[in-house]
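Student: I am new to this structure and would like to understand the words used for it. Could we go through them together?

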Amino acid sequence: MKVALIAPLHTQNGKLLVKAVNMAAQDINKNGGILGKKVRIILVDDKNKTDFAISNLEEIIQKEKPDILLGGLSSGIVLQLMDIMAKNKLIWMGTGGAHPKVISKIKENYQKYKYYFRIGTVDATEQAKANGKIALEILGPKYGFRKFAIIGTNMKWARYSLAYTKKVLLKNGFQLTYEVYFSPKTVNFKQYFKNAEKSGAKFILNYTLGTEGTEYVKQYYDLKVKIPAIGNHAIGIRDEWWEETGGKCIYDVHFRFSGGRVAVTPKTIPFYKRFMKKYNQSPEFLSWPGYDALFIYAECARKLKTMNAEKMISCLEKIEYIGNVRYKFTQYH
């Protein structure tokens with residue numbers, strides 16, 4: 001059985017997703033594979049570039065004829081690749097793509113896009129609500145902080161989430177004083193912090209997805225930025241982040257939207273320990289659902305004794321599975 005694994009292979013997020021899925025494939029293959037077929041992982045590098053991702057996935061499908069798709073990170077790329085998925089009627093166990101448009105596409109055209117199941121990250125709307133709660137329930141009423149700045153990576157997921165939180169805060173009497181979105185390749189954040197402070201902001205909302213978050217946090221510490229920052233640095237889920245930032249993430253306050261070294265289920269900590277032993281590094285936010293995705297698919301195949309896509313979709317829509325976290329899909333996956 002062939003699994004086309006989509007990821008930005010040059011990034012830390014992509015590399016750790018690949019390791020988790022390979023680990024799952026090895027575990028499944030030790031127990032006879034899926035319906036007697038050994039799982040083989042075929043890597044599809046998306047390079048975080050839409051055009052490259054489209055051409056690479058189309059080429060892999062034509063040459064390798066995979067049985068399913070797995071993975072994905074950037075919402076912008078996932079949204080584009082969903083059309084290739086639909087054209088080829090391939091089930092896609094998606095680990096990223098948090099933007100709500102990913103799910104609204106299924107709602108608007110179920111027959112075309114029903115093959116996509118979001119296994120991984122929590123919807124960006126829910127992430128944004130969680131972020132807003134910190135301001136609404138703590139920073140505002142407890143400390144009187146009503147003015148805020150936004151500093152975020154220029155990505156579809158980050159822009160949507162921050163815009164949603166901004167809307168909620170403005171409705172509740174908060175005031176936006178500064179807003180900027182930077183390239184993921186940015187290495188100097190000094191001016192952004194300076195502008196936020198000058199604007200009169202009392203706190204910063206920030207979102208980063210990759211290693212830019214490490215440099216961001218280090219500079220926030222080194223520059224002794226006087227206002228607190230809340231939000232999400234996706235890379236900060238990993239244990240190594242303390243060492244990578246030289247302990248400068250000590251003042252970072254962020255929420256986690258997928259996985260982590262917490263006993264969410266009886267399987268979470270054992271997976272963490274096995275991953276650490278095998279790879280000598282901790283899983284990141286795509287690793288937890290990435291490992292589970294193959295087992296969820298395998299569970300439906302076992303129940304049905306077939307991998308027919310239409311039958312598998314019906315099973316996946318009903319399944320309740322306990323992996324590293326608990327899974328149950330909403331109506332539109």
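Tutor: Gladly! Keep in mind that this is a predicted model. Let's start with a term: two strands pair if DSSP finds at least two bridges between them. Here, an open sheet of five strands has parallel pairing, in the order β2-β1-β3-β4-β5.

Student: What makes β2 and β5 the edge strands?

Tutor: Each of them, β2 (40-45) and β5 (116-118), pairs on one side only. From one strand to the next, the twist averages 20°.

Student: How do you know that strand β1 is joined to strand β3?

Tutor: Pairing takes at least two bridges, and four bridges link β1 (residues 2-7) with β3 (residues 68-71), so these strands count as a pair. They run parallel. As one example, Ile-6 has Gly-71 in β3 as its bridge partner.

Student: Which strands does helix α12 touch?

Tutor: Helix α12 (residues 287-304) packs on the sheet and touches β1, β2, β3 and β4. Its direction makes about 155° with that of β3. Angles over 145 degrees count as roughly antiparallel, so α12 and β3 are roughly antiparallel.

Student: Why are α11 and α12 called roughly perpendicular?

Tutor: Helix α11 (residues 268-279) packs against α12 at about 105°, with the axes 11 Å apart. Angles of 65 to 115 degrees count as roughly perpendicular, and therefore the word fits α11 and α12.

Student: Which residues meet there?

Tutor: Thr-268, Phe-271, Tyr-272, Arg-274 and Phe-275 of α11 meet Ser-287, Trp-288 and Tyr-291 of α12. By class, this contact has five nonpolar, two polar and one charged residues.

Notes
Residues numbered from 1 in each chain as written. Predicted model: local features only at pLDDT ≥ 70, side-chain atom pairs only at ≥ 80, totals over all residues. Heavy atoms only, no water. Helix = DSSP H or I, 4+ residues; strand = E, 2+ residues; numbered from the N terminus. Axes fitted to C-alpha atoms, helices over the stretch in contact; angles between N-to-C directions. Contact = heavy atoms within 4.5 Å. Parallel < 35°, antiparallel > 145°, perpendicular 65-115°, else oblique. Nonpolar A, V, L, I, M, F, W, Y, C, P; charged D, E, K, R; others polar.
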